[in-house]
Amino acid sequence: AGRGQRSTADFVPHVLRSFPSRVTVVQVAIGSDMLGAHTLALSRNGRVYSWGYGPACGLGSTANVSTPTLVTKFLGMDAGELASGKRTAGEMEPLGWGRHSHQRYRQKVSNRRLGLQLLRPRIAKVACGGGFSVVLSSEGEVFTFGLSTGGRLGFRTKFRAQLRPRRIETLSEGTTDIATGASFVLLCSAAGRLLSWGDNSKGQLGIGHLQETHEPTALGRVCPAAFMMQSVAAGDSHALALDSSGRVYSWGGEGGPMTGQGQPLPNQMQIDAAFQFRLRSLPHWWVRPSPLRALFGVRVCLVTAGCLHSVALSHDGALFAWGAALQAGASAGSGPLAADRHEKAWVPRLLSPSPKMPLLHISHVSAGGWHSLATAKQSCPIERLAPVGVPSGDHNDPIVGFCDGYLVSRVDSIDGFDEARIMLSCCAVRARLALPNGADSPTWVALSAQIRRLVGDDVEETHDSDEPGSSGDGGTLMDIVALARERPRPAAMRARPRRMTQRSAMEVVQTSDADEAAGKAR
């Protein structure tokens, strides 16, 4: 937790006092594996701070770091700004340690001997995996550091770990997004292509086989030619991608429920044989990106992946999740319906809006290893009907000027201390719930008990004594609509009277004749 001691306070949120002052953090990434956990924090001015498991912190040492420390040295070949001054042998930074982790086998290697130079990039995004880290600069450069097992660093090295951030030189085009899994990396290039490297034992690289790669490898094009990939997400052993049209693609995880495809699992003996004999082309769908058919017609704006679950957020605030039952929002439970609940997690299920989260608009969501977090704000369906730019009182909120009351969560709540308030237009809701003959419906009668009317700057009390079929203010439905039409409109909404042309005059005459004919027919 960025502190030297451990206590029960780590189970609740607390301010990280050991973090450098006057530093504004804009992003945080956390990674962990069996060896330890580490954290990266990105500041507003593009600097990276790290703490936790030593080899994955990029500070040039294998010792664990207990407090946030600035990462100062980034390495690259044949480009960048050289460090000023001459360096002595004692100033040469170690890049890694040898085959054995004992101190007596430590190897010090000169950066100049390897042809590396010091760079000063401005970092735009950070990501953490299992024992390694990846950072993306504002110029589209990718730097990796940490354990090198399974090719997760994106380049070949004889060291067990890269202790300083090192740029991947084999990337020929800029990068727009990065994502890290347990031991693999996904990358979205500026041209809309997908690249991956690292462990591939469950098809998470999406390159058609199960063999690991040590260098960035391009995936085949799966989205239509008119679109391009714009973001990626990586779980423990599966991956997600989102194209510019809002369509979601998934692969990896041996076709498990975290992919959201709902297809049966493959034969495990075939998978073992393909891995053992190093087959380079497999017929299974999950070794290549596949469109998520359950979300066809839904325009998704954000995808994120956890250890065994995935989450997607649409443009209109709908939240979908799939994968492990508990992490996907489906409680396992017990009894005859437990199996049903588990089956629902194989395909995306709608979490919000739902009876458990009514009238909430999800703005952002993030999936952790075994949990998910979402930020939301109160939402009112009447917002879509409100006119734009209508001032009301001292506020420029169009909803306040359009609505004439609000719904409270409790009838006996004190004004100003309601559990929840929802602004609404009583006229519009009442007209929508009216019976075919124009009378008030029982639904409106029950709902009006929890509605407070706004009259100017005053608030009327709840009308609990209204008679069924009455409006609560002594008028009929049409009277209420007429009163709403007679309300003075703001100056911004008043339209200038337009000159009646000959064509419009003819239309008025035709309309009057039609109305007269309809009246005679009655």
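This is a short tour of selected residues in a predicted model, with a suggestion at each stop for what to select.

**Stop 1: the nonpolar cores**

Start with Leu 40, Val 48, Phe 74, Ile 123, Val 126 and Val 135. These residues have the most contacts inside the largest nonpolar core, which has 20 residues. Now colour strands S2 (36-43), S3 (48-52), S7 and S9: each of them supplies at least two residues of this core.

Keep Val 48 selected and show its surroundings. Setting aside neighbours within four places in sequence, Val 48 is in contact with Leu 40, Ala 41, Leu 42, Thr 69, Leu 70, Val 71, Ile 123 and Val 126.

Then move to Phe 184, Leu 186, Met 229 and Val 232. They are among the 16 residues of another core, which lies apart from the one around Val 48.

**Stop 2: Gln 204**

From Phe 184 and Leu 186 you can step straight to Gln 204, since both are on its contact list. Gln 204 sits in the loop that joins strand S13 (194-198) to strand S14 (213-218). Is Gln 204 buried or exposed? With a relative accessibility of 2%, Gln 204 counts as buried.

Show what surrounds Gln 204, leaving out neighbours within four places in sequence. Besides Phe 184 and Leu 186, the contacts are Asp 199, Ser 237, His 238, Ala 239, Trp 251 and Gly 252. For a polar detail, pick the backbone nitrogen of Lys 202: a polar atom of the Gln 204 side chain lies 2.9 Å from it. You can also draw a C-alpha to C-alpha distance from Gln 204 to Ser 250; these two residues are 46 apart in sequence and 9.3 Å apart in space.

**Stop 3: the salt bridges**

There are four salt bridges to look for, and three of them are on this route.

Select Asp 177 and Lys 125 for one, where the closest N and O atoms are 2.4 Å apart. This pair links distant parts of the chain, with Asp 177 in strand S11 (residues 175-180) and Lys 125 in strand S7 (residues 123-128), 52 residues apart. The two ends differ in accessibility: Asp 177 counts as buried at 7%, whereas Lys 125 counts as partly exposed at 24%.

Next, select Glu 141, Arg 167 and Glu 169 together, because a network of salt bridges links these residues. Between Glu 141 and Arg 167, the closest N and O atoms are 2.9 Å apart. Glu 141 is in the loop between strand S8 (132-137) and strand S9 (142-147), and Arg 167 is in strand S10 (residues 161-167), so this pair ties together parts that are 26 residues apart in sequence. Between Glu 169 and Arg 167, the closest N and O atoms are 3.1 Å apart. Arg 167 is buried, at 8% relative accessible area, while Glu 169 counts as partly exposed at 35%.

**Stop 4: helix H4 and Ser 441**

Finally, go to helix H4 (426-433) and show Cys 426, Cys 427 and Arg 430, the buried residues of this helix. Turn the view to look down the axis of H4: the buried residues fall within an arc of 95 degrees, so they line one face of the helix.

Follow the chain onward to Ser 441, in the loop between helix H4 and helix H5 (442-447). Ser 441 counts as buried, at 5% relative accessibility. Apart from neighbours within four places in sequence, Ser 441 is in contact with Leu 433 and Leu 435, a good pair to select as your last view.

Conventions:
Residues numbered from 1 in each chain as written. Predicted model: local features only at pLDDT ≥ 70, side-chain atom pairs only at ≥ 80, totals over all residues. Heavy atoms only, no water. Helix = DSSP H or I, 4+ residues; strand = E, 2+ residues; numbered from the N terminus. Buried < 20%, exposed > 50% of the residue type's maximum accessible area, 1.4 Å probe, protein only. Contact = heavy atoms within 4.5 Å. Polar contact = N/O pair within 3.5 Å; in protein donor to acceptor, adjacent residues only side chain to side chain. Salt bridge = Lys/Arg side-chain N within 4 Å of Asp/Glu carboxyl O. Arc of directions from axis to C-beta. Core = buried A, V, L, I, M, F, W, Y, C linked by side-chain atoms within 4.5 Å.
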